Amino acid sequence: SCGDLQDVLKLRQVLKDVNEDYDFIFIDNSPARDVLLNMTYVAADYIIIPTESDEGSVDGIRAIFADLQAYHDINWSDAEVLGVIMTKTERTSMHEYAREQISALLTEELHSDAFFVEVRKSIVASEAKTEGVSMQSGKHHSKPAIDYREVAERILDAVLGEDRETAMDVMDAKLMKMMICKYEKTLQFCNVFYLQLLQNII
């Protein structure tokens, strides 16, 4: 309906005013399939899916692809899934099973070119979150810090491709800082994943 369209377009309209001021804008959504997630489907160029290795992970990823395809079909979105990040991974049979299931889902069922990266579980991540700091500043040798650096590399490669070196040369790092103040009620950027990721990119 017209009302539904106006709702999902709100975030895109907000971002129009600031798109030229930033090289990267990250939108952090809750796991809920709600109007805010629909707004992100319409506003975003790319979708990154963080997931855990639980029973609902494959179903959740499949649902996001289905929702996004529905918006593609009515020409409301051109966004593509850039990658899937499985967090808090350990060397257990449950995690290995989830790893195999997600990999098969992306390649065999969804035929997606999205990257698939794991971030290993460590108390360091909880400590950094509690302290409100990035793992890259003081614990950059920890396993999750190393994994997040790989995530950043994969994102830059996927988005910038062959133009990455040239693009990074001309980017002004200050323009890549997180937008927090003006639109903090609409765009939530405080998730620890994005703090780690932007620390790497900057």
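How many of the 10 residues of strand β2 are buried? In this predicted model, eight of them are, so that the strand is mostly covered, given that a residue counts as buried when its relative accessible area is under 20%.

**Overall make-up**

The protein chain contains nine helices and three strands, and its elements follow one another from the N terminus in the order α-α-β-α-β-α-β-α-α-α-α-α. Of the 202 residues in the chain, 40% count as buried.

**The strands**

Strand β2, which covers residues 80-89, pairs with both of the other strands described here. With strand β1 (residues 46-51), β2 pairs in the parallel sense over six bridges, and within this pairing Ile49 stands opposite Val84 of β2. With β3, the pairing is again in the parallel sense and runs over five bridges; here Thr89 has Arg120 in β3 as its bridge partner.

Strand β3 itself (residues 115-120) presents two faces, a covered one made up of Phe115, Val117 and Val119, and an uncovered one made up of Phe116, Glu118 and Arg120.

**A pocket with a charged lining**

Two residues of that uncovered face, Glu118 and Arg120, also appear in the lining of the second largest pocket, together with Thr89, Glu90, Arg91, Arg99, Lys121 and Lys143. The volume of this pocket is about 180 Å³. Its lining residues divide into no nonpolar, one polar and seven charged. Thr89 and Arg120, which are bridge partners, are both found in this lining.

**Aromatic pairs**

The structure holds three aromatic pairs. One of them joins Phe24 and Phe26, whose rings are stacked, with 6.4 Å from centre to centre and 20° between the planes. Another joins Tyr41 and Tyr71, where the centres lie 5.9 Å apart and the planes meet at 45°, so the pair is tilted. This second pair links distant parts of the chain, since Tyr41 belongs to helix α2 (residues 35-43) and Tyr71 to helix α3 (residues 57-73), 30 residues apart. Ring pairs also bring in Trp76, so that Tyr41, Tyr71 and Trp76 are linked into a cluster.

The four Phe and Tyr residues named in these pairs can be set side by side according to how much of each is accessible.

| Residue | Relative accessible area | Class |
|---|---|---|
| Phe24 | 11% | buried |
| Phe26 | 9% | buried |
| Tyr41 | 1% | buried |
| Tyr71 | 11% | buried |

**Helix α7**

Does the span of helix α7 agree or disagree with the value expected from its 18 residues? At 1.5 Å a residue, this helix (residues 143-160) should span 26 Å, and because its end C-alpha atoms are 26 Å apart, the model agrees with that expectation.

Its buried residues are Pro144, Ala145, Asp147, Tyr148, Val151, Ala152, Ile155, Leu156 and Leu160. An α-helix has 3.6 residues a turn, so residues three or four places apart point the same way. Spacings of this kind can be followed along the buried set, for example from Pro144 to Tyr148, then to Val151 and on to Ile155.

Lys143, with which α7 begins, is among the residues that line the second largest pocket. At the other end, α7 is followed by Gly161, whose phi is positive, near 55°.

How values were computed. Residues numbered from 1 in each chain as written. Predicted model: local features only at pLDDT ≥ 70, side-chain atom pairs only at ≥ 80, totals over all residues. Heavy atoms only, no water. Helix = DSSP H or I, 4+ residues; strand = E, 2+ residues; numbered from the N terminus. Expected span 1.5 Å × (residues − 1). Buried < 20%, exposed > 50% of the residue type's maximum accessible area, 1.4 Å probe, protein only. Phe/Tyr/Trp six-rings, centres within 6.5 Å; stacked < 30°, edge-to-face > 60°. 1 Å grid on protein atoms, 1.4 Å probe; cavity = no way out; pocket = protein on both sides within 12 Å on 5 of 7 lines; lining within 4 Å. Points joined across faces, edges and corners; volume = space filled by probe spheres on them. Nonpolar A, V, L, I, M, F, W, Y, C, P; charged D, E, K, R; others polar. Pairing = 2+ DSSP bridges.
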